[in-house]
Amino acid sequence: MTTNKKELENEIRTLKEILYQKEKELEQLNKVFEKSSNLSPSEISRYSRQIILPSVGVEGQLTLKKSAVLIVGVGGLGCPAGQYLAAAGIGKLDILDSDEVEITNLHRQILHVERNIGETKVKSGYDSLKRLNSNVEVNPLELHANGETLQKVFSENKYDVVVDCTDNVATRYLLNDMCVFNKVPLVSGSALQLEGQLTVYNYKKGLCYRCLFPVPPPPQTVTSCGEGGVLGAIPGVIGVLQALEVIKILLDFPGVLSGRLLIFDGSDTVFRNIKLRQRNPQCVVCGDNPVITKPIDYEQFCGSKAADKVTDIKILNSNDETDVKEFNSITKKIVIDVRQEAEFQMCHLPNSINIPYKNIVKGINLEALNEILTGVNDNEKVYFLCRRGNDSQRAVSLLKEKFNDSCAILLSVAGGLNAYSKLIDPSFPLY
Amino acid sequence: MNSLQVNVEFGGGAELLFDNKKTVTISLPEKKEKWTIEHLLIWIKDNLLKERQEMFLQGNSVRPGILVLVNDTDWELMNTINYIIQPNDRILFISTLHGG
């Protein structure tokens, strides 16, 4: 049964790959016929609802058809942004991402569906966008955005607008600089938990990202969607607004969101529009005498990786840690799960006790922990557990100092519940 | 005593450092010199910010990545830390988001 399922899955994957290649071949053949500079009857019908807007008209629709837009990041922001841009009839839409679709993406990354899990995001995005509008030339760029790859992409293509749908600080600086070098407006969106932010940089002598943020934030102050969580509709709102700003820029509308920042708080449904500073003439990249004229090492500049993945830490000696196999072999044990309450509610091991790491740091609500650590037998082991084995290390390290007179042996479970799910019990949710 | 009433707001995650409160109305005590944002930051540090100060402050200003907005305007246009606070000003500290 399992073998059949695996075989079938592999067969489907191969067939999808063939289909994808054939579709791209067909698209290449179609490209041979020069794109008409007029609108076909079917295009007129298709876009009629926006063409009849006086501010768009046939001329505006033709402008969109001649336009090229690069979307960097085909995730929570890039999916809705791409969807509305493809639907609106942008001529050329390049989508860039190096990630693969995971099940944890599906609640917000609406171009990807269940059967795309494991495929690259650009391939899945390409399929969805082409299905939505086959008139649009969609180019999937399976690349990790860095100075080298982006320089190549920008040298081979001329973009009218770039859309920043990325998920990390380093890539945001990189994209900003590339857009300044190439004189392309940048529509920048971001989202986390229940809030979103949106603005347009480098537009008609307006400010750039570095004018607003000359110094990157300290890495420990940055939260990713994987860590802080995000409600799917939040990047949805911001991504759709990004598409709107792109269209306004392409059609030269007067009300582009440049020099202003839109702040969206979904918990109260409040939109605030903030007036921002002007371009800084001393800005290192867009100023009058720029110091930075080619890409730098952005990961070094920001002190963080150009990805939203968590980097694993190693702060304990090996005798303060245990692996999941050994942990699992012990039947009766004290297990303290240091994840946040909401994560603990989502899934936890039976008989584990939830004492969030943030409480341990703050030193609040630790009565239960006190009781455990003072009540144990000599050399009794107390296991600390979290999602990946990072906070459990931090907790053990902190508590060893705090309770240095306790006779318990404090152990961090290496790799945490993720490792437990992978190596011991696959039915335990991986997130 | 004439105290100075100000609405201090937090967003973008900065509220997590302030008991999850997004809006706090505060009364700044009367003093000889005028209240500036620099003074307000010290007041916030002493009265509202209980933990992890480095997540909010750096030197005599806010840490990089926090935007300060006075009545919905970037403080860069209002003389930054030297802005003289007026009664009922709305001062928003917003942490910028990077997720997508």
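Start by selecting Cys179(A): this residue is buried, with a relative accessible area of 0%. Everything on this tour comes from a predicted model, so keep that in mind as you click around.

While Cys179(A) is highlighted, look for a sulfur partner. There is no disulfide here, and the nearest cysteine sulfur, belonging to Cys208(A), sits 10 Å away. A pair would need its sulfur atoms within 2.5 Å to count. Now jump to Cys225(A), which isn't in a disulfide either; its nearest cysteine sulfur is that of Cys165(A), 12 Å off. Cys225(A) is buried too, at a relative accessible area of 8%. How many disulfides does the structure hold over all chains? The count is zero.

Next, zoom out and show chain A as a cartoon. You should find 17 helices and 13 strands in chain A. Its C-alpha atoms fill a box of roughly 85 × 60 × 40 Å along the principal axes. Of the 431 residues in chain A, 51% are buried. Take the contacts in chain A with a separation of 6 or more: 69% of them join residues 24 or more positions apart.

Time for some colour. Paint residues 67-302 of chain A one shade for domain 1, and 318-423 another for domain 2. How far apart are the centres of domain 1 and domain 2 of chain A? Taken over C-alpha atoms, 39 Å separate them.

Now select residues 329-429 of chain A. This is where UniProt, in an unreviewed entry, places the feature "domain: Rhodanese". Across this stretch the chain is 42% helix and 17% strand. Pick the C-alpha atoms at its two ends and you'll get a distance of 20 Å.

Head back along chain A to helix α4, residues 78-88. Most of this helix is covered, with eight of its 11 residues buried. The run at its start, Gly78(A), Cys79(A), Pro80(A), Ala81(A) and Gly82(A), is among the buried residues, and so are Leu85(A), Ala86(A) and Ala88(A). Step just past the end of α4(A) and click Gly89(A), which takes a positive phi of about 90°.

Your next stop is helix α5 of chain A, at residues 121-132. Its 12 residues reach 16 Å from first C-alpha to last, close to the 16 Å expected at 1.5 Å a residue. Is α5(A) mostly covered or mostly uncovered? Mostly covered: 10 of its 12 residues are buried. Among them you can pick out Val122(A), Tyr126(A), Asp127(A) and Leu129(A).

Stay in α5 of chain A and select Lys123(A), which is found in this helix. With 6% relative accessibility, Lys123(A) counts as buried, because buried means under 20%. What does Lys123(A) touch, leaving aside its neighbours within four places in sequence? Show Lys16(A), Glu17(A) and Tyr20(A), and you'll have its contacts.

For the last stop, bring chain B into view and look at where it meets chain A. The contact takes 28 residues from chain B and 37 residues from chain A. Together the two chains bury about 2,700 Å², with carbon and sulfur atoms giving 58% of that area. To finish, select Leu97(B), His98(B) and Gly100(B): these supply 28% of the area that chain B buries against chain A, more than any other three residues.

Notes:
Residues are numbered from 1 along each chain as its sequence is written. Chains are lettered from A and ligands numbered from 1 in the order in which they are written. This is a predicted model: local features need pLDDT of at least 70, side-chain atom pairs count only at pLDDT 80 or more; totals for chains, interfaces and linings use all residues. Side-chain values use heavy atoms; hydrogens and water are left out. UniProt positions are given in the numbering used here, feature names are shortened, and annotations may be inferred rather than shown by experiment. Helices (H or I, at least four residues) and strands (E, at least two) are DSSP runs, numbered from the N terminus. Buried means under 20% relative accessible area, exposed over 50%, partly exposed in between (1.4 Å probe, protein chains only). Domain bounds come from an automatic or database domain assignment. The expected span of a helix is 1.5 Å times one less than its number of residues. Contact means heavy atoms within 4.5 Å. Buried area is the accessible area (1.4 Å probe) that two parts lose on being put together, summed over both.
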